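Colleague: I would like to walk through this structure with you. Shall we take it one question at a time?

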Amino acid sequence: MMVNSKPINHFHGSCLLSVASFASACICLCLMTLQSTTLRHLQIELGELRQWTGLECKETDDSISRCEMSNSHRGYQWDRIVGGREKRDVARSGKRRQRCAAGRVAVLHLQPLSLHSYDEDDYTLIKWAVGKSLGNGLQVGLSGETVTIVTEGTYFIYSQVLYKDTTWTMGHVIKKRIHGTVTSLMKCIQSMPNNITVAQNTCYTAGVHYLEPGSTLEVSVPRKSAGLVLKAHATFLGMFSI
């Protein structure tokens, strides 16, 4: 006995077509809803952005929205930027003054004044004059040849000497003295020409060191009667707390 399957196949085809149409309609509806929601969010964010920046937008003849900041809001934004910068500068200046008052800031830059040769020990010391200073953490000694550390801390130390000498090599040492102990913190060595007309060379050194209160620093040239150029731009010593 044979059964005619054509009606059954036709029924299955109709069901599948209906299901596909329904799914397609649901997908389109979801996409339209998502697009509408996204558009509303973008409109809200654009409105907030216009309000924050003070933009005034107008539709032109070519249906393009053109925006520009209003003069009043532009002035407000400028005042806010400048005012904020001034407040930060005032705050920083106040902090610097507080640190100076508390003795935590120490800056000292020295210029050469004269030389003192210790012939018996074969070295020369430079007598310094204060060029610039900030705070009370660093003090020049009574002899002018040393710097006394009042406020302990970590310091950046720098020094340069311009030599005018025909000795084959010249240089200087930055020494620290504390409780009778002498420590060489930094050294600088420079070779020199033997012709006095061209025998001029600078030697620069710098470094970071921890300095104890009561310790002293000096620039020592290990040559008696050393030939140095005592000009502020050529020979100097400085340090500042970091």
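Colleague: Where is the place of Arg223?

Modeller: Keep in mind that this is a predicted model. Arg223 is partly exposed, with a relative accessible area of 26%. Its place is in the loop between S11 and S12.

Colleague: How far apart in space are Arg223 and Asp121?

Modeller: Along the sequence, Arg223 and Asp121 are 102 residues apart. Arg223 is also in contact with Asp122, leaving aside its neighbours within four places in sequence. From C-alpha to C-alpha, the distance between Arg223 and Asp121 in space is 8.8 Å.

Colleague: Which residue in the hairpin of S3 and S4 takes a positive phi?

Modeller: Strand S3 covers residues 107-118, and strand S4 covers residues 123-134. The two run antiparallel and are joined by 11 bridges. Leu108 stands opposite Ser133 in S4. The hairpin has four residues between the strands, and the one with a positive phi near 60 degrees is Asp122.

Colleague: What is the bridge partner of Thr124 in S11?

Modeller: S4 runs antiparallel to S11, and two bridges join them. One partner of this kind is Ser220, which pairs with Leu125. For Thr124, the bridge partner in S11 is Val221.

Colleague: How many residues of S11 are buried?

Modeller: Take the two faces in turn. On one side, Thr216, Glu218 and Ser220 are buried. On the other side, Leu217, Val219 and Val221 are buried. So S11 is largely enclosed by the rest of the structure, and its buried count is six of six.

Colleague: How many bridges join S8 to S11?

Modeller: S11 also pairs with strand S6 (residues 147-149), antiparallel, through two bridges. There, Val147 stands opposite Leu217. Leu217 is the bridge partner of Lys176 as well. S8 and S11 run antiparallel, and the number of bridges joining them is five.

Colleague: How many salt bridges does a search of the whole structure find?

Modeller: One salt bridge joins the side chains of Glu212 and Lys176, at 3.1 Å from N to O. Another joins the side chains of Glu218 and Arg177, also with an N to O distance of 3.1 Å. The search of the whole structure gives a count of two.

Colleague: Why does the salt bridge of Glu212 and Lys176 tie together parts that are apart in sequence?

Modeller: The side chains of Glu212 and Lys176 meet in a salt bridge. Glu212 lies in the loop between S10 and S11, whereas Lys176 lies in strand S8 (residues 169-178), so the pair ties together parts whose separation in sequence is 36 residues.

Colleague: Is Lys176 buried or exposed?

Modeller: Start with its salt-bridge partner. Glu212 has 24% relative accessibility and counts as partly exposed. Buried means under 20% relative accessible area. Lys176 has a value of 9%, so Lys176 is buried.

Colleague: In the pair of Glu218 and Arg177, which residue is partly exposed?

Modeller: The side chains of Glu218 and Arg177 meet in a salt bridge. This pair links distant parts of the chain, with Glu218 in strand S11 and Arg177 in strand S8, 41 residues apart. Glu218 has a relative accessible area of 5%, so it is buried. At 32%, the partly exposed residue is Arg177.

Colleague: Which residue has its backbone oxygen 2.6 Å from a polar atom of the side chain of Ser215?

Modeller: Ser215 sits in the loop between strand S10 (200-211) and strand S11 (216-221). Its relative accessible area is 0%, so Ser215 is buried. Leaving aside neighbours within four places in sequence, its contacts include Val147, Lys176 and Arg177. The backbone oxygen in question belongs to Glu212.

Colleague: What is the area of the nonpolar surface patch that includes Phe240?

Modeller: Phe240 is found in strand S12 (residues 236-241). Phe240 is partly exposed, with a relative accessible area of 31%. Val107, Leu134, Val208, Phe240 and Ile242 make the patch, and its area is about 410 Å².

Colleague: Last one. What percentage of the residues in the protein are buried?

Modeller: The protein has two helices and 12 strands. It exposes about 16,300 Å², with carbon and sulfur atoms supplying 58% of that. Of its 242 residues, the buried share is 29%.

How values were computed. Residues numbered from 1 in each chain as written. Predicted model: local features only at pLDDT ≥ 70, side-chain atom pairs only at ≥ 80, totals over all residues. Heavy atoms only, no water. Buried < 20%, exposed > 50% of the residue type's maximum accessible area, 1.4 Å probe, protein only. Polar contact = N/O pair within 3.5 Å; in protein donor to acceptor, adjacent residues only side chain to side chain. Contact = heavy atoms within 4.5 Å. Areas by Shrake-Rupley, 256 points an atom, 1.4 Å probe, with all protein chains shown as cover. Patch = residues over 30% accessible without salt bridge, like charges linked within 9 Å, V, L, I, M, F, W, Y side chains within 5 Å. Salt bridge = Lys/Arg side-chain N within 4 Å of Asp/Glu carboxyl O. Pairing = 2+ DSSP bridges.
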